[in-house]
Amino acid sequence: MSDLMSFSEIDGSGAVLVAAQRRVAMMTLKADLSNKATRTALKKVLGSAVPAPRKIVKGVAWMAPDELLVMVPEGTTPEDLVNQLHTEIKAPILAVDVSDARAVMTLKGNAAREVLAKGAPVDLSAEAFAQGDFRRTRLGQVAVAFWMEADDEITLVCFASLKQFMFDWLVNAAQKGSLPAYLNR
Amino acid sequence: MSFRLPNAGCLIDRSNPVSFTFNGKPVQGYKGDTLASALMAADQRMLGRSFKYHRPRGLVASGGEEPNALMNMGEGARFEPNQRATTTEVFDGLTARSQNHWPSLNFDIGALNNRLARFFPAGFYYKTFMKPQWAWKHLFEPIIRNSAGLGQVPTERDVDRYEYFYAYTDILIIGGGVAGLEAALESGRSGAKVLLLEQSPHFGGRFMVDDIEVDGRDGPAHIAHLLAEIAKLPNVTLRARTQGAGVFDHGYALGYERLTDHAPAATPRHRLWRIRAKRIITATGALERTLNFAGNDIPGVMLASAVRDYIRLYGVTSGARTVVVTNNDDAYRTALTLYAAGLEVPAIIDARPNGGGEMSDQARALGIRIETGHGVAKVIGKKHVTAVEVCLQSGTGGAVESIACDCVAISGGFSPVVHLWSHCGGKLNWDEENAMFSPDPSRPPTDQNGEGFVLAAGTASGALGTNACISTAVTAAHQAADEVGRSIKEEAAPRLTQTPDETPMAPIWTMPAQAPYKLRSKTWLDFQNDVKVSDVQLAAREGYESVEHTKRYTTLGMATDQGKLSNINGLAVLAGALDAEIPQVGTTTFRPPYTPISLGSIAGEASGPLFKPTRKTAIDGWHKSHGAIFEPVADWRRAYAYIQAGETTQDAITREILATRGAVGLFDASTLGKIIVKGPDAGKFLDLLYTNMMSTLKPGKCRYGLMCNENGFLMDDGVVARLDEDTFLCHTTTGGSDRIHAHMEEWLQTEWWDLEVFTANLTEQFTQIVVAGPNARKVLEALGGTDVSREALPFMGFIDGKLAGIQARIFRISFSGELSYEIAVPASQGLLLWNLLLQAGADFGIAPYGTEALHVMRGEKGFVVVGDESDGTVTPHDLGMSWAVSKKKEDFIGKRGMQRSFLMAAGRKQLVGLRTLSDTEKLPESAHAVEGGKAIGHVTSTYFSPTLGHPIAMALINGGQSRMGEVLDFPVGSKVHKARVVDLVFYDKEGAQQDV
């Protein structure tokens, strides 16, 4: 889990800890991901192979057949990464910084899966959703993407304009005594 | 009288009394009681009045099928009407009131309807309220509205919380009776993930009531055994108080969990389970049917199985002296149960000429009188049963004897609960022997692969005997496990059951068989809707052959119980009247939910502050703390105006406009859509999307563009900036950002997949701030960092640079008509830049302005707003924007649509300006222009212009462009506003102000 200082808001009143992170550096890459040369170049720049559909590998998440969401590693900037990608990949791509377009939330606690299952039409059982899995879906009425950071921790990304709404939604869903105890029996 | 028995009732805890009120009167029950059983113990037999005739009504059933005992439950913000007493668990402080009577349950004025019943047959409304025409609105409808409905409407906002839960499972089992539990245990052993839902608080179904022996255990002991075995399986989940409410396509099912109805708490009240299952087993049991004889609705006449339930489960009896009336063997269980409880059974009236099997012998041996081949002519009693008149079943109802009693236990056979099987298209067979519809396993509901995904088990499958019930459950479990890719390795030994031999039931649809009209018109089919045998027969005579039409004509099977007790009897009577076979008449459609579920559960958490997501810009907090009032624009909230102390909203708007036109204004435009379109074919793509040419735009320049749909109607507009040879930034309207991005992707993915173009929606990545007004340049120069002079950054250009050290893209575009810069910075820097601009602008008279000031200023300039001036039926030509529609381009979306003769016709509505003849009188919003008694157009925008000192408006008027100078009438109410057609541009037509 990230350092406490990296959170702008934390609520620990419920069954899980809900925290809104400060700015997280990330970029969107759109490219023909089936292009072999592009895949090789991507591996070189990102340090890992292009993830399979609905997977996240080392901070690189599959968003669509032609789209990746890349968490920008510490020590580099979205700008640098965009430049590197443009240098290495010969085919046309679109690589842009989206750090400010996104809000990032952390759900910490054993019940994190159940809190999310109150709004996301996703099988969140441990068998079906584990570290390395990634879903681009919705939570309640909000478009989100999320993945397991650890066995008891989920990271969730939504649009920045909905940061407060999403935080409030999660705090409401996490209220004590309101968990179905279906996924964690 | 009804009363509590000593030493009976396996569900109640006599050491735990509970107090509640009924119609304001305190009543005591025990923990585990339902409201129905507790009221029965208190000898409260009348529980409501019927819908149409206001007849006294009492309990009929013991479960969710109960048609009569509907209550106004709770108070204030927790008030809810039409709650079934049979499924409500009592708790301390519960308040319930009976429904549909005035002034009181005991004495009800509306009961007059009962005396006049022969004037209110089926279709009464349709026949009576036809003439005179005025009377419907002013007389009939008000009276009907006043008297219609059962419960009261809540007056306060619901204070409870609700939520959803998305659950995934291999096998979903609906029903926690013996069939469901056996299926859960058996399929659970395969390792499949199993979820079982049971609507009541306890498991076991009829096994908790009936004397059944399985593997040497009695019913409750066998259920306890099954529960203990299931508890060992971590892959099986049981949920009580959770109804399988509906089955839908693709293995989707709804579960309705009632968390706090039995014990109020702050946690969510109801949880709606949204379940995806690979296979669904419906083990929903069967419902007993009523028998159709005169007076069968009088309190004290109950289903035989319910009479037994109340004794065994809750230790209460509905009478001291019960006559059992039946057409099958099951009701003998009730007689034996009554006898064992020490209660009198003066007679069993069995309509079958030869009576029943083993249990009838037992009853006879106990000395209980059995009259075979007999029926009930009518029930004697007003507010409760006092006697039955017995007659020959084959006759016309000539009574042979009157038997005094205070309860009549009736059984007309059983109907499997096929609702969930049928919700998604499962088909039924008519089972002649048992006179019931049961699921046809060869025609199940099918999934996306064309395979059946619902299996029926137990009595719900039509297997009425205990042996068959259990074996069908085991078979269904095996099939389901197999189909979800699990195999059951070890075959469990078949259960050994002990049940008495039974004689087949006899279908009895009217009692006696030759009942005359006088009896039939007092014989109820549908208790909740007051539909009688005579009503259905009347409908048939009047030509209603379809069961669906008969349902709507007579109201049979409508309302909150959806005919759970009445459907089969009703359609059998209809079949009889039509001289048709029952399967030919068929059933009405079974639709989810199985019983009504709360609206709160459907809304889930989406109420109060979580009702709808509200998107907020990075500067939203500043707006809020500086007097902003907001308006919703798409999902965003935008500052409408900033109200200062002592100001009205109009004052604030006027001040903001004058400050901007006179000095400099500041505006948060972050909500405008910002879509990057990049690739070698980007220019080509945009030429296809926009009506005007974009590929000729030079890098560093901006161009205003229009987008139309295929019909040629305007759908969005905005400024496009060319960032480099391959890259464009398309601004959209606030409401268009997501929609237009989806529009682009749809065309790219489905039609122009050969274009090498990528798009990304960067709307939220940037804060965009407008600095507009004669002093705008001075403010930016005060911040410093980038040359924003006319030479370096001309009108309709943009430049990347730093402002006060912040990386920014500065556009020279103007929606206000003033010298205007739009500055885009990463959203994390947005608030900082806003504050820096305010500081730097202080000396130059800077003032933030809201969306209304923006709208007025663009109105002064004659700029259109998509959604105000356009409404989905307006082309660019209609708006006088033919200059933005390319004639050179070979194709673009909407080109051919626009060329259709109607859209090219002269005399279409065209956008014009309007100047009221009076300088003080603003045209009302959307006012219609009327000429010669015909509407010729309407106002699209109307404002008071503080800049000009008079009202201005825009309107779409038939042939508007050729009407310059004409004065038009705009009648609103009794007043006629007059306005002259003028040019659209009221302010600075040459554009001198913005190009400096």
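A nonpolar core is taken here as a set of buried Ala, Val, Leu, Ile, Met, Phe, Trp, Tyr and Cys residues joined through C-beta atoms within 7 Å. In the predicted model described here, the largest such core has 341 residues, and those with the most contacts inside it are Val408(B) and Val771(B). When residues up to four places away in sequence are set aside, Val408(B) touches Gly300(B), Val301(B), Val323(B), Val325(B), Val379(B), Val385(B) and Val388(B).

Chain B, to which both of these valines belong, contains 26 helices and 52 strands. Of its 996 residues, 55% count as buried, and its C-alpha trace spans about 115 × 75 × 55 Å along the principal axes. Among the contacts in chain B with a separation of 6 or more, 66% are accounted for by residues 24 or more positions apart.

Several strand pairings can be followed in chain B, beginning with an open sheet of five strands that has the order β18-β26-β20-β21-β22, with parallel pairing. Strands β18 (301-303) and β22 (370-372) of chain B stand at the edges of this sheet with a single partner strand each, so that one side of each is left without a neighbour in the sheet. From one strand to the next, the twist averages 20°. Within the sheet, strand β20 (residues 322-326) of chain B runs parallel to strand β26 (residues 407-411) of chain B, and five bridges join the two; Thr326(B) has Ser411(B) in β26(B) as its bridge partner. The residue ranges also place Val323(B) and Val325(B) in β20 and Val408(B) in β26, and both Val323(B) and Val325(B) are among the residues that Val408(B) touches.

A further set of pairings involves strand β8 (residues 95-98) of chain B, which pairs in the parallel sense with strand β2 (residues 13-22) of chain B over two bridges. In this pairing, Phe22(B) stands opposite Ala96(B) in β8(B). Strand β6 (residues 70-73) of chain B also pairs with β8(B), in this case in the antiparallel sense and over three bridges, with Arg97(B) in β8(B) serving as the bridge partner of Asn72(B).

Strand β15 (residues 252-258) of chain B has six of its seven residues buried, and is therefore largely enclosed by the rest of the structure. Six bridges link β15(B) in the antiparallel sense to strand β14 (residues 242-248) of chain B, and the two strands form a hairpin with three residues between them, in whose turn His250(B) has a positive phi of about 60°. Gly255(B) in β15(B) is the bridge partner of Gly244(B), and Gly255(B) also has Trp273(B) in β16(B) as a bridge partner. The pairing of β15(B) with β16(B) is antiparallel and comprises seven bridges.

The contact between the chains takes 35 residues from chain B and 38 residues from chain A. On the side of chain B that touches chain A, at least two residues are supplied by each of β9 (162-174), β16 (270-282), β37 (673-678) and β41 (758-761) of chain B, and the largest share, six residues, comes from β9(B). The residues on this side of chain B divide into 18 nonpolar, seven polar and ten charged.

Tyr162(B) is found in strand β9 of chain B and is buried, with 21 other C-beta atoms within 10 Å, the criterion for a buried residue being 20 or more. Although Tyr162(B) and Ala606(B) are 444 residues apart along the chain, their C-alpha atoms are separated by 8.4 Å. Not counting residues up to four places away in sequence, Tyr162(B) touches Pro268(B), Arg269(B), His270(B), Gly600(B), Ser601(B), Ala603(B), Gly604(B) and Glu605(B).

In chain A, the buried residues of helix α2 (residues 78-88) are Pro78(A), Leu81(A), Val82(A) and Leu85(A). Viewed down the axis of α2(A), these residues fall within an arc of 100°, so they line one face of the helix. The exposed residues Asp80(A) and Thr87(A) are carried on the face of α2(A) turned away from its buried side, while the elements covering the buried residues include β3 (26-30), α1 (36-46), β6 (67-71) and β7 (94-97) of chain A.

Key:
Residues are numbered from 1 along each chain as its sequence is written. Chains are lettered from A and ligands numbered from 1 in the order in which they are written. This is a predicted model: local features need pLDDT of at least 70, side-chain atom pairs count only at pLDDT 80 or more; totals for chains, interfaces and linings use all residues. Two strands pair if DSSP finds at least two bridges between them. Helices (H or I, at least four residues) and strands (E, at least two) are DSSP runs, numbered from the N terminus. Axes are lines fitted to C-alpha atoms, for helices over the stretch in contact, and angles run from 0 to 180 degrees between N-to-C directions. A residue is buried if 20 or more other C-beta atoms lie within 10 Å of its own, exposed if 12 or fewer, and partly exposed in between; C-beta atoms are placed from the backbone. The arc is that of the directions from the helix axis to the C-beta atoms. Two residues are in contact if their C-beta atoms, placed from the backbone, lie within 7 Å. Ala, Val, Leu, Ile, Met, Phe, Trp, Tyr, Cys and Pro count as nonpolar, Asp, Glu, Lys and Arg as charged, and the others, Gly among them, as polar.
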